[in-house]
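Student: I have a structure open on my screen and would like to talk it through. Could you help me read it?

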2 protein chains.
Amino acid sequence: MEDTYFLMKIKDASIYIKRDDLLPFSFGGNKLRIVTKAFEDMERRGCDEFISYGSESSNLNRVAAHMARSRGVACTVIFKKGRGAHEPYNELLVKESGARIVYCEGSEVRAAVEEELRRSVRDGHRPYYIYGDSNGRGNEACLVEAYVEAYEEIRDFEAKSGISFSHIFLASGTGITQSGLMAASILHGDDKKICGISVARSRDRGREAIRENMSSYMRDGRKTEVKVPAASEIFFDDRFVKGGYGCADQELSELCRQMMKGYGLPLDTTYTGKAFLGMRNIIEEEHIKGSVLFIHTGGLPGVFDAARDIMLS
Amino acid sequence: MEDTYFLMKIKDASIYIKRDDLLPFSFGGNKLRIVTKAFEDMERRGCDEFISYGSESSNLNRVAAHMARSRGVACTVIFKKGRGAHEPYNELLVKESGARIVYCEGSEVRAAVEEELRRSVRDGHRPYYIYGDSNGRGNEACLVEAYVEAYEEIRDFEAKSGISFSHIFLASGTGITQSGLMAASILHGDDKKICGISVARSRDRGREAIRENMSSYMRDGRKTEVKVPAASEIFFDDRFVKGGYGCADQELSELCRQMMKGYGLPLDTTYTGKAFLGMRNIIEEEHIKGSVLFIHTGGLPGVFDAARDIMLS
């Protein structure tokens with residue numbers, strides 16, 4: 001069972017896919033790699049309560065809850081209150097995990113994190129917040145490392161297969177995954193184009209976040225002075241956001257359905273569907289030839305959210 | 001990404017798991033291996049319409065529909081009419097695949113298959129029914145081959161890791177998968193115990209089906225006279241059926257929830273949950289020590305069926 005394989009042609013490009021969605025714990029995905037790094041860091045620091053934050057359909061929250069439970073570590077999950085008609089599977093899975101759950105408005109995240117950090121200490125714990133401080137800063141280097149490491153797998157595949165990828169496409173939200181791939185590519189002196197397709201943020205905000213992640217990683221993680229790319233050199237395409245996080249339209253939903261039935265490939269409309277749509281358009285626009293890698297960053301429960309919503313509508 | 005790895009200890013046994021649920025097409029599973037063999041056979045025979053049959057929550061029907069679509073082959077899916085409150089995801093996925101769909105009562109399967117074979121010919125096709133004739137006989141050798149081949153992967157794992165499995169546990173329905181593993185084990189002269197946990201059938205019926213499958217495989221597939229085990233030598237435990245196909249109780253549902261939150265492992269109550277429950281009990285009863293393999297035979301959409309039913313109840 002190879003995790004990377006040829007999927008299809010799009011015009012003159014051969015699309016290979018790396019199935020990080022099939023990593024074998026809690027429905028896998030890039031968040032599994034990232035949360036695994038955070039747990040290692042937590043243990044190094046001698047902390048004993050994991051605190052996570054994300055939307056109600058957050059894959060990060062779900063993986064964090066399962067990993068905490070499987071390791072016997074206390075866990076608090078902070079959810080940004082959602083507006084969906086039905087509870088996302090990720091929220092249900094977190095509820096079933098036995099994690100402590102807190103809901104907050106999007107504007108109250110900092111206060112909610114601070115309150116939980118204080119509460120954890122009062123409870124006799126040493127809390128660890130995945131993003132660092134209550135502003136969500138300070139832990140970039142640790143999280144970015146996940147896809148610096150994953151990049152080695154891509155290089156291994158290239159070495160074994162003799163295939164060289166000119167472009168790597170992926171869904172980009174907070175930019176942590178993209179930052180890791182870019183940092184690794186720079187550290188190796190590769191000239192691959194790491195192409196982030198935004199799932200929510202504007203190009204400027206996305207680029208800035210990636211610059212910050214990469215700066216932290218190089219400074220704190222690698223202690224090197226490798227130059228972080230200028231914003232204009234960062235590929236972060238926000239034309240496929242479809243109105244915002246979690247939003248979708250007919251074109252996007254149809255693409256996801258086509259990939260399921262035509263290629264047996266589950267894509268969700270929140271993350272991987274947008275990335276695939278962006279890739280398809282950009283390959284056509286830029287007449288990209290040769291071998292291209294798409295990283296399937298997971299989000300399987302969201303695929304079933306969408307199917308359920310069709311079913312119940 | 002290894003598809004086989006150490007999962008947990010149960011008493012003195014070390015449980016390894018083979019994640020066939022993560023095979024990278026249409027949510028994988030043993031049915032993916034089986035349907036792949038059937039499509040090869042169909043092409044060898046020059047047929048051009050694939051006909052499948054199963055329950056509304058059938059993984060076989062879903063994989064068949066996706067594989068046909070992905071190869072541009074006409075496909076008819078015959079569903080045994082279900083009684084569930086909500087449409088199973090597998091049925092929805094088949095509907096979305098564009099396959100022709102026919103419903104029949106459980107007592108009318110033969111008539112439905114015959115009618116579809118005739119209709120296909122009228123439409124100018126050369127139909128291929130996955131199970132052979134309208135009694136569901138004749139194609140056992142082809143289907144059984146799938147897990148004769150998969151058994152080689154288990155041997156490869158053993159050779160690489162130095163681990164030797166005394167027992168292999170799996171969910172057993174029609175017995176095709178178990179028959180393949182048993183045939184391979186016999187052909188290799190291995191003394192592994194292949195332990196089928198019934199998901200529906202009585203012990204006698206299950207054992208007889210496995211004997212028939214294995215006889216066909218040895219006779220038609222291998223042209224050898226290898227002796228098929230007596231019924232009493234076939235491990236097919238029907239004590240964990242929980243009342244029948246698709247039935248579940250508190251103990252079973254609770255085990256599935258525990259494995260999800262404690263080990264990040266999705267099990268469904270129709271197939272893999274029953275097999276895991278059976279394995280756990282039998283390891284305790286028989287004081288099994290050493291290394292044991294559990295084959296996760298897939299059925300991911302069913303995991304989300306159960307979660308939805310909890311959510312909507």
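Tutor: Happy to; what follows is a set of questions and answers on this predicted model.

Student: Let's start with chain A. Into which domains is chain A divided?
Tutor: Chain A has two parts in its domain assignment, and one of them is written as two segments, 4-27 and 140-312. The centres of the two domains, taken over C-alpha atoms, are 24 Å apart. The names you want are domain 1 (4-27 + 140-312) and domain 2 (30-129).

Student: Which element gives the largest share of the side of domain 1 of chain A that touches domain 2 of chain A?
Tutor: In chain A, 24 residues of domain 1 are in contact with 18 residues of domain 2. On the domain 1 side, the elements giving two or more residues are helix H5 (140-161), helix H6 (176-188) and helix H10 (300-312) of chain A. By class, that side of domain 1 divides into 11 nonpolar, 8 polar and 5 charged residues. The largest share, 7 residues, comes from H10(A).

Student: Let's look at A:Ala146. Is A:Ala146 buried or exposed?
Tutor: You will find A:Ala146 in helix H5 of chain A. A residue counts as buried if 20 or more other C-beta atoms lie within 10 Å of its own. A:Ala146 has 22 C-beta neighbours inside 10 Å, so A:Ala146 counts as buried.

Student: Leaving aside neighbours within four places in sequence, with which residues is A:Ala146 in contact?
Tutor: Sequence distance can mislead here, so to speak of one pair: A:Ala146 and A:Lys31 are 115 residues apart along the chain, yet their C-alpha atoms are separated by 9.2 Å. For contacts, the C-beta atoms must lie within 7 Å. With the neighbours within four places left aside, the partners of A:Ala146 are A:Arg33, A:Ile34, A:Lys37 and A:Gly180.

Student: Now the hairpin of E1(A) and E2(A). Which residue there takes a positive phi?
Tutor: E1(A) and E2(A) run antiparallel and are joined by 6 bridges. One of the bridge pairs sets A:Ile10 against A:Ala13 in E2(A). Most residues other than glycine have a negative phi. In this hairpin, with 2 residues between the strands, the positive phi near 50° belongs to A:Lys11.

Student: How many other C-beta atoms lie within 10 Å of A:Lys11?
Tutor: A:Lys11 lies in the loop between strand E1 (4-10) and strand E2 (13-19) of chain A. A residue counts as exposed if 12 or fewer other C-beta atoms lie within 10 Å of its own. A:Lys11 is exposed, and its number of other C-beta atoms within that distance is 10.

Student: And what is the phi of B:Lys11?
Tutor: B:Lys11 is found in the loop between strand E1 (4-10) and strand E2 (13-19) of chain B. B:Lys11 counts as exposed, with 10 C-beta neighbours inside 10 Å. Its phi is positive although B:Lys11 is not a glycine, at about 50°.

Student: Staying with chain B, which are the edge strands of the sheet?
Tutor: The sheet of chain B is open and has 6 strands in the order E1-E2-E10-E7-E8-E9, with mixed pairing. Within the sheet, strand E7 (residues 165-172) and strand E10 (residues 290-296) of chain B pair in the parallel sense over 4 bridges, and B:Phe169 stands opposite B:Phe294 in E10(B). An edge strand pairs on one side only, and in chain B these are E1 and strand E9 (236-237).

Student: Which kind of axis relates chain B to chain A?
Tutor: A turn of 180° with a shift of 0.0 Å along the axis lays chain B on chain A with an RMSD of 0.0 Å. That is the relation of a two-fold axis.

Student: In chain B, which residue has the C-alpha nearest the axis?
Tutor: The axis here is the one for the turn of 180° that lays chain B on chain A. The C-alpha nearest to that axis in chain B is 2.9 Å from it, and belongs to B:Leu22.

Student: How do the residues on the side of chain B that touches chain A divide by class, and what are the counts?
Tutor: 27 residues of chain B are in contact with 27 residues of chain A. Helix H2 (59-71), helix H3 (89-97), helix H8 (250-263) and helix H10 (300-312) of chain B each give two or more residues to that side. The copies meet through the same surface, because 100% of the interface residues of chain B are also interface residues in chain A. By class, the chain B side has 12 nonpolar, 7 polar and 8 charged residues.

Methods. Residues numbered from 1 in each chain as written. Chains lettered and ligands numbered in written order. Predicted model: local features only at pLDDT ≥ 70, side-chain atom pairs only at ≥ 80, totals over all residues. Domains from an automatic or database assignment. Contact = placed C-beta atoms within 7 Å. Nonpolar A, V, L, I, M, F, W, Y, C, P; charged D, E, K, R; others polar. Pairing = 2+ DSSP bridges. Least-squares fit on C-alpha atoms with pLDDT ≥ 70 in both.
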